[in-house]
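Here's a quick walk through one sheet and its hairpins. Have the sequence and the 3D view open as you read.

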Amino acid sequence: MFRPRIIPVLLLKNLALVKSIQFKKHRYIGDPINAVRIFNDLKADELVLLDIEASKNNRLVSLDFVKNVGEEVYMPFAVGGGVKSLEDIKAILNAGAEKVVINTHAAQNPNFIKEASEAFGSSAIVVCIDVKKKMFKGQRTCISSGSRSTAFTPIEFAQLMEKNGAGELIIQSIDRDGTMEGYDIELIKYISTSVSVPVVALGGAGKEKDLIEAYQHGHANALAAGSLFVYQGKKRGVLINYPDKNELVFE
Amino acid sequence: MGVSSIISSDPKDIVNTEKIIFPGVGHFGKAMSKLKELNLVDTLHEAVLVKRKPILGICLGMELMAKGSQEGNAEGLGWLDAEVVDFNVSDKTKYKIPCIGWNQIHIKKDSLLMNNISDLSEFYFLHSYHLKINNQSDILNETQYDYFYPSAIEKDNIFGVQYHPEKSHEAGAQLLKNFIGL
């Protein structure tokens, strides 16, 4: 049976693994390759690796790092961070990733997603839509690790990206990031029922029940999380973990 | 995997090798144009149809073995009596396209490629199109995404999988080992 994917999202800062709260207060978690190895041993469905400083610093995620991940794992993974040319995408895919995640450049140049999906196929192109509630304006799509807001509402941007050929959309709530208080189910549902490409829920998952809720009520096609898979307990001790797939009942 | 391998687009290598893995991601029409541009179509026909070397197509690599595809309305290599068609799902919220994720295989016939792989094992899929096969005996696996479609094929020395064994943890590694051991 086809089942929703459960995806750990690993954030990189200077090649260290970190975890944020609302895109701020980055806490050091450990060595990313070590974490990747553990998720591979735990037979995770898929990984997403994002270099959160690449766009701000106008550079691409380290290709050596991507290659290193590819050599460690027997599982699919997507990589993002500073992608803004077809050459960048080619280099990341050649280094072993299945998919490339694009955020900043997709909003700055929506046509780039069209070129990218035509060149590499939609299934290799993932757009991450970072969403933040703005005073008096409702939710807006943000770029550059959440530091800049765009004029796009999340739904406008999601539909534009689908039209331009994105094969998958990660819908990330900045407001929920690291809070572990649950996904923004309304946002996920609104977008998932408005596009025909897969939607990955991200931001706020704090317990396994949140994953099930995003699937059942948010109609997400995959459930992603950071804190849930790197912390344990109320005090948030660092412990890489992954749910037992046989114990999670989605239907 | 304990076997020597090379990545190559050189006809000489392809004709001289023992077995061929034929992976692929991207667009059907563009991939066929690229094979023609690299002068690999005749090489592949010779290696597979004349010298009968075992070949394993992965994802788009398998699709290219069909007669043609709706993707780019292009002709394929034509080794299989099959067409590559769009997914035609009933519930577009539940069954998103591309189909991305883990799904079970139903093994439809005995095969060395399936050694030590149990029925209903999970593999990783990433695709928007699938095969429509005219000769049922060519179907090695079926998978259900809304409806059942062929997810692996075997015809003489020609093998193909829609899923990605290289990304499918232990079952995937076992499949690659089985292919190497043929």
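## A sheet in chain B

In chain B, strand β10 (residues 139–145) runs antiparallel to strand β11 (residues 147–155), and six bridges hold the pairing. Keep in mind that this is a predicted model.

Let's zoom in on that pair. B:Y145 has B:Y147 in β11(B) as its bridge partner, while B:Q144 sits opposite B:F148 in β11(B). What lies between the two strands of this hairpin, β10(B) and β11(B)? There is one residue between them, and B:D146 takes a positive phi near 70 degrees.

Moving on, β11(B) also pairs with β12(B), again in the antiparallel sense, through four bridges. Here B:A152 faces B:V161 in β12(B). These two strands make a hairpin as well, with two residues between them, and B:D156 in the turn has a positive phi of about 55 degrees.

Here are the two hairpins side by side:

| Hairpin | Between the strands | Residue with positive phi |
|---|---|---|
| β10(B) and β11(B) | one residue | B:D146, near 70 degrees |
| β11(B) and β12(B) | two residues | B:D156, about 55 degrees |

Now zoom out. Which order do the strands of the open sheet in chain B follow? Six strands are lined up as β1-β2-β12-β11-β10-β7, with mixed pairing. At the edges you'll find β1 (20–22) and β7 (106–107) of chain B, each pairing on one side only.

One helix belongs in the picture too. Helix α5 (residues 169–180) of chain B lies across β1, β2 (55–58) and β12 (158–161) of chain B. Relative to β2(B), helix α5 of chain B runs at about 155 degrees.

Key. Residues are numbered from 1 along each chain as its sequence is written. Chains are lettered from A and ligands numbered from 1 in the order in which they are written. This is a predicted model: local features need pLDDT of at least 70, side-chain atom pairs count only at pLDDT 80 or more; totals for chains, interfaces and linings use all residues. Side-chain values use heavy atoms; hydrogens and water are left out. Two strands pair if DSSP finds at least two bridges between them. Contact means heavy atoms within 4.5 Å. Axes are lines fitted to C-alpha atoms, for helices over the stretch in contact, and angles run from 0 to 180 degrees between N-to-C directions.
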